[in-house]
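Here is a short tour of a protein model, starting from one residue and working outwards. Have the structure open while you read.

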Amino acid sequence: MSEPHPATAARLIAAVDRLADRFRAMPQSRLLGAVPGHPSRAAAALALAGRLADAARALEGLPPLPVPDCGVFAVGDQLAVTGHDLAAAAADRPEELAAALADLEATDRLTA
């Protein structure tokens, strides 16, 4: 039985772009608002960007590196960059794409 919407790089990019755009448009007061497990929505998004970057680097055989905290107004761009990097690295790895999509969706719900 196949899943109704298989994980693809294009699906990951679309989901990343939607979430990144939401963070780019968010006012500072919302970006700084706390969410469960994180001191702010921006911190939750930065943590997601770090996980996406780590997954991409692992697929490329590289060690993890921290995603720098460049401020709350940069987190949307950081999500976009790390998500696109992972989509490129995992283009032929549907299980990695599915895991990233699930992580994105969880962060989207958490920060809504």
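Leave aside residues up to four places away in sequence, and Thr-107 touches Arg-22, Ala-44, Leu-48 and Arg-51, where a contact means heavy atoms within 4.5 Å. Thr-107 sits in helix H5; helices here are DSSP runs (H or I, at least four residues), strands are E runs of at least two, and both are numbered from the N terminus. At 4% relative accessibility, Thr-107 counts as buried. The scale runs like this: buried is under 20% relative accessible area, exposed is over 50%, and partly exposed is in between, using a 1.4 Å probe and protein chains only.

A word on what you're looking at: this is a predicted model, with local features needing pLDDT of at least 70 and side-chain atom pairs counting only at pLDDT 80 or more, while totals for chains, interfaces and linings use all residues. Residues are numbered from 1 along each chain as its sequence is written, and side-chain values use heavy atoms, with hydrogens and water left out.

Two of the neighbours of Thr-107, Arg-22 and Arg-51, bring us to the charged pairs. Side chains of opposite charge can pair when their charged atoms come close. The structure holds five salt bridges, each being a side-chain nitrogen of Lys or Arg within 4 Å of a carboxyl oxygen of Asp or Glu. Three of them are set out below, with the distance between the closest N and O atoms.

| Salt bridge | Closest N and O atoms |
|---|---|
| Arg-22 with Asp-108 | 2.8 Å |
| Arg-24 with Asp-77 | 2.7 Å |
| Arg-51 with Asp-103 | 2.7 Å |

Take Arg-22 with Asp-108. This pair links distant parts of the chain, with Arg-22 in helix H1 (residues 9–25) and Asp-108 in helix H5 (residues 94–111), 86 residues apart. Arg-22 is partly exposed at 26% relative accessible area, and Asp-108 is partly exposed too, at 34%.

Next comes Arg-24 with Asp-77. Arg-24 lies in helix H1 and Asp-77 in helix H4 (residues 75–89), so this pair ties together parts 53 residues apart in sequence. Arg-24 is partly exposed at 40%, and Asp-77 is partly exposed at 41%. There's a third player here: Asp-21, Arg-24 and Asp-77 are linked in a network of salt bridges.

Then there's Arg-51 with Asp-103. With Arg-51 in helix H3 (residues 41–59) and Asp-103 in helix H5, the pair ties together parts 52 residues apart in sequence. Arg-51 is partly exposed, with a relative accessible area of 37%.

Now zoom out. How many helices and strands does the protein chain have? The tally is five helices and zero strands, and the pattern along the sequence reads α-α-α-α-α. The radius of gyration is 14 Å, close to the 13 Å that the globule rule gives for 112 residues, so the chain is as compact as a globular protein of that length. That radius is taken over C-alpha atoms, and the rule is 2.2 Å times the number of residues to the power 0.38. Along the principal axes, the C-alpha atoms fill a box of roughly 45 × 35 × 20 Å.

Of the 112 residues, 39% count as buried. Among contacts between residues at least 6 apart in sequence, 69% join residues at least 24 apart.
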